[in-house]
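Dear colleague,

I am handing over the structure below, together with some notes on what was found in it. Please read the notes with the coordinates open beside them.

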Amino acid sequence: MYTIGEFAAFGRVSVRMLRHWDAIGLLVPDRVDEHSGYRLYSPAQVHRLLRVVELRGLGIGLERVAAVVTADDETAATRAALQDQARVIEAAMADDTARLARIRRMLHLLEGTTTMDVTYRPIDAQTVYAVSGVAPGMGPQHVGPMVGPLIGSLDAALQAAGRPLLEPSVFWYEGAVDDTLTVHISYPAEPTPVPGDGYDVVDLPAVPLAATTLHHGDMSGIGDSWNALFERLVADGFRMAGPTREVYLVADGHEPGPDWVTELQVPVQKV
């Protein structure tokens with residue numbers, strides 16, 4: 001038998017940690033001396049100790065660790081836990097990579113090594129086939145989950161109606177006083193639009209003057225491009241005067257990629 005100090009040395013953990021694992025039932029001593037109250041661990045428990053330490057060191061939660069070490073097939077349970085944790089880490093790495101790219105873009109803008117070309121020009125009226133949905137708020141965390149289903153429903157409706165999927169697609173956004181955001185997704189209509197089920201025929205009005213710029217790449221940094229465009233138009237003495245639009249000039253498929261080119265459009269008026 002091992003004392004709690006000896007057992008802690010096997011796992012390179014603290015005695016306090018072993019007491020905590022005992023309290024939550026994760027690693028209970030083989031027996032407790034009835035006179036001294038000392039916890040005693042058996043050699044057979046060393047394997048469980050080491051497995052717990054390994055899994056915790058990989059960031060796996062105590063509840064999942066407990067499920068692994070008490071499973072009928074510990075090997076299969078360990079494999080599943082590791083695979084799930086690998087997916088969590090990969091997703092976190094992707095998020096960190098996207099944030100790092102955004103930080104670098106902002107630094108380039110601040111340092112003047114990257115400039116934003118802004119053009120002020122009118123936008124012609126256009127008729128489109130569109131669908132819409134209401135997001136609970138602004139920002140990619142609210143808008144992003146809506147885009148895929150909306151595009152899928154519009155594609156299906158137009159294909160069922162025998163309408164072509166023309167380019168470039170146009171998204172536009174309208175905020176409300178309750179902080180919700182209506183997201184509109186559309187494709188250009190033919191010269192003679194044809195109504196159908198599952199989509200609307202919408203006449204986008206002409207815009208006398210808009211501030212426009214190009215965003216290159218996927219959507220991970222498009223919020224930064226929007227912010228930079230807003231800062232620029234304010235600095236140039238303009239105010240926003242209508243719903244913003246995104247026109248996907250170069251967009252291969254529905255999965256944003258590094259080669260995508262999106263024109264950001266903000267209707268403006270001189271202050």
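Tyr 248 touches Pro 168, Ser 169, Phe 171, Tyr 173, Met 219, Trp 260, Val 261 and Thr 262, where residues up to four places away in sequence are not counted and contact means heavy atoms within 4.5 Å. Tyr 248 belongs to strand E11, residues 244-250, with helices (H or I, at least four residues) and strands (E, at least two) taken as DSSP runs and numbered from the N terminus. The relative accessible area of Tyr 248 is 7%, so Tyr 248 counts as buried; buried means under 20% relative accessible area, exposed over 50%, and partly exposed in between, with a 1.4 Å probe and protein chains only. The C-alpha atoms of Tyr 248 and Glu 167 are separated by 8.0 Å, although the two residues are 81 residues apart along the chain.

Please keep in mind that this is a predicted model, in which local features need pLDDT of at least 70 and side-chain atom pairs count only at pLDDT 80 or more, while totals for chains, interfaces and linings use all residues. Residues are numbered from 1 along each chain as its sequence is written, and side-chain values use heavy atoms, with hydrogens and water left out.

Glu 167 also takes part in a cis peptide bond, the one leading to Pro 168, with omega near 0 degrees. Pro 168 itself lies in the loop between H6 and E6.

Helix H6 covers residues 140-160, and its 21 residues should span 30 Å at 1.5 Å a residue, which agrees with the 30 Å between its end C-alpha atoms; the expected span is 1.5 Å times one less than the number of residues. There is nevertheless a kink of about 30 degrees at Val 147, shortly before the proline Pro 149, where the bend at a residue is the angle between axes fitted to the seven residues ending there and the seven starting there. The buried residues of H6 include Val 143, Met 146, Val 147, Leu 150 and Asp 155, and the buried residues of this helix pack against strands E5 (126-135), E6 (169-175) and E7 (181-188). After H6 comes Gly 162, whose phi is positive, near 75 degrees.

Positive phi values are also found in residues other than glycine. Asp 179, in the loop between E6 and E7, has phi near 75 degrees and is exposed, with a relative accessible area of 56%. Arg 12, in the loop between H1 and H2, has phi near 55 degrees and is exposed at 71% relative accessibility.

The helices on either side of that loop, H1 (residues 4-11) and H2 (residues 15-23), pack at an angle of about 100 degrees with their axes 9 Å apart; axes are lines fitted to C-alpha atoms, for helices over the stretch in contact, and angles run from 0 to 180 degrees between N-to-C directions. H1 is therefore roughly perpendicular to H2, a term used for angles of 65 to 115 degrees. Ile 4, Gly 5, Phe 7 and Ala 8 of H1 make the contact with Val 15, Leu 18 and Arg 19 of H2.

Beyond H2, Gly 25 lies in the loop that leads to strand E2 (31-32), and is partly exposed at 46% relative accessible area. Its C-alpha atom is 8.6 Å from that of Ala 66, 41 residues apart along the chain.

With best wishes

Methods:
Angles under 35 degrees count as roughly parallel, over 145 as roughly antiparallel, 65 to 115 as roughly perpendicular and the rest as oblique.
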